[in-house]
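Here are a few exercises to try with the model open in your viewer. Have a go at each task before you read its solution.

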Amino acid sequence: MTTAPERTAPTARPSMAQVAGRLINGSVRRSYEPDVAIDWDAPLVEGKYFLPKEVISLYGTPYWEELTEEQRIALSREELANVLSVGLWFENILNRGLLLQLLREDPAGPFAHYVLTEMGDECRHMTMFGKVIDRVGARPYRMGRRDRFLAAALPHFLRGSLLWVGALIGEEIFDAQQRRIMADPDLQPVVAQLMRIHVIEEARHIKFAREGVVHRMQSASRLERVLVGNLAGLGGPVLKRALTNPGIYHRAGLDVDRAVREVRANTHHDEMAVIGFAPLAAFLEDNGLMGRVGRRLWRRNGFLP
Ligand SMILES: [Fe+2]
Ligand SMILES: [Fe+2]
């Protein structure tokens, strides 16, 4: 694909085609097939958590203090199954958004080829998430009919910078968390293996989406900036709702009303959300994509201090 030389860039920024070419090379060098990369036959380790304590929604509440070690581990298993289910929904939406994007792209160029590579990564991730949910003895959390309808419609609205920013909202916040927790020695080995694979492959996706945003912002209208910078804030309530799904506490055998009440007031949980969102918040800020309404939505849902 030939592109006109970029007029504005003071330092030569690689084109999206060049970025895509490098990411394809990286993918060839380092990709994982979870069927063989994860030791599926290894037994679960007695007494280990399925997510580290400090990222569990109830950690830091009076209710957490009353739970037995067994109840805490059971809750960590449900929170893992929930977060992987949310990951599955997100990757499904992203892949359909990317597939629609491909209709507008040159199928012979590296951009389209990297998009297809990324979609292939996500297909393997979705398989891996589903298998880990099963392996740890949990069941996936399923979308209700209304959410399924919204998830089916959403990819049609994910265009231009909204597609890239949407991808980053789904990828960066979890990525920041996974990087912090994957080396925890108290984590079940199968979960640590999943996170290592996911972090390595998502680093390429995040690079691609960030470059997509930066390129797009070089020519974006003020209207596009304002719209995307505020619509992105919807990520706050959507993630908050998905990650504190009352079904988690129900399946863990807890008092659902009490758990939901204490999670809502849990400042420790908000601190974890702020840490997870910080790199993306800084990136959105740098690119003029933190609108007034957007900022308020992120803050109200605990992602900004
Ligand atoms: Fe993924
Ligand atoms: Fe991804």
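**Exercise 1. Find which helix gives the most to the lining of the largest cavity, then describe that cavity.**

Start with the helix: helix 4 contributes most to this lining, with eight residues. Keep in mind that you're looking at a predicted model.

Next, see who else joins in. Helix 7, helix 8, helix 10 and helix 13 (267-286), like helix 4, each supply at least two lining residues.

Now for the volume: the largest cavity comes to about 590 Å³. It is lined by 34 residues, and Leu51, Val83, Phe174, Gln177 and Leu243 sit closest to its centre. In the structure there is one cavity of 30 Å³ or more.

Finally, sort the lining by character: you should get 18 nonpolar, ten polar and six charged residues.

**Exercise 2. Work out which helices line the largest pocket, and what kinds of residue they bring.**

Begin with the space itself, which is about 1,200 Å³ for the largest pocket. Its lining runs to 41 residues, with Leu154, Leu234, Gly235, Val238 and Leu239 nearest the centre.

Then go through the helices. At least two lining residues come from each of helix 4 (69-102), helix 6 (145-153), helix 7 (160-181), helix 10 (235-243), helix 11 (246-251) and helix 12 (256-264). Helix 7 has the largest share here, eight residues.

Last step, the chemistry: 29 of the lining residues are nonpolar, seven are polar and five are charged.

**Exercise 3. List the residues that coordinate the iron ion (ligand 1), and find their spacing along the chain.**

Pick out the donors. Glu91, Glu122 and Glu202 each coordinate through OE, His125 uses ND1, and His198 uses NE2. The distances run from 1.9 to 2.4 Å.

Now read the donors off along the chain, and you get the spacing E-x30-E-x2-H-x72-H-x3-E.

Two of these glutamates link distant parts of the chain: glutamate 122 belongs to helix 5 (residues 110-135) and glutamate 202 to helix 8 (residues 189-219), 80 residues apart.

**Exercise 4. Which residue bridges the iron ion (ligand 1) and the iron ion (ligand 2), and is that residue buried or exposed?**

The bridge is glutamate 122. Check the spacing of the two iron ions too: they lie 3.6 Å apart.

For the second part, take under 20% relative accessible area as the cut-off for buried. Glutamate 122 is buried, and glutamate 202 is buried as well.

Notes. Residues numbered from 1 in each chain as written. Chains lettered and ligands numbered in written order. Predicted model: local features only at pLDDT ≥ 70, side-chain atom pairs only at ≥ 80, totals over all residues. Heavy atoms only, no water. Donors = N, O, S within 2.8 Å, 3.2 Å for Na, K, Ca; no water. Helix = DSSP H or I, 4+ residues; strand = E, 2+ residues; numbered from the N terminus. Buried < 20%, exposed > 50% of the residue type's maximum accessible area, 1.4 Å probe, protein only. 1 Å grid on protein atoms, 1.4 Å probe; cavity = no way out; pocket = protein on both sides within 12 Å on 5 of 7 lines; lining within 4 Å. Points joined across faces, edges and corners; volume = space filled by probe spheres on them. Nonpolar A, V, L, I, M, F, W, Y, C, P; charged D, E, K, R; others polar.
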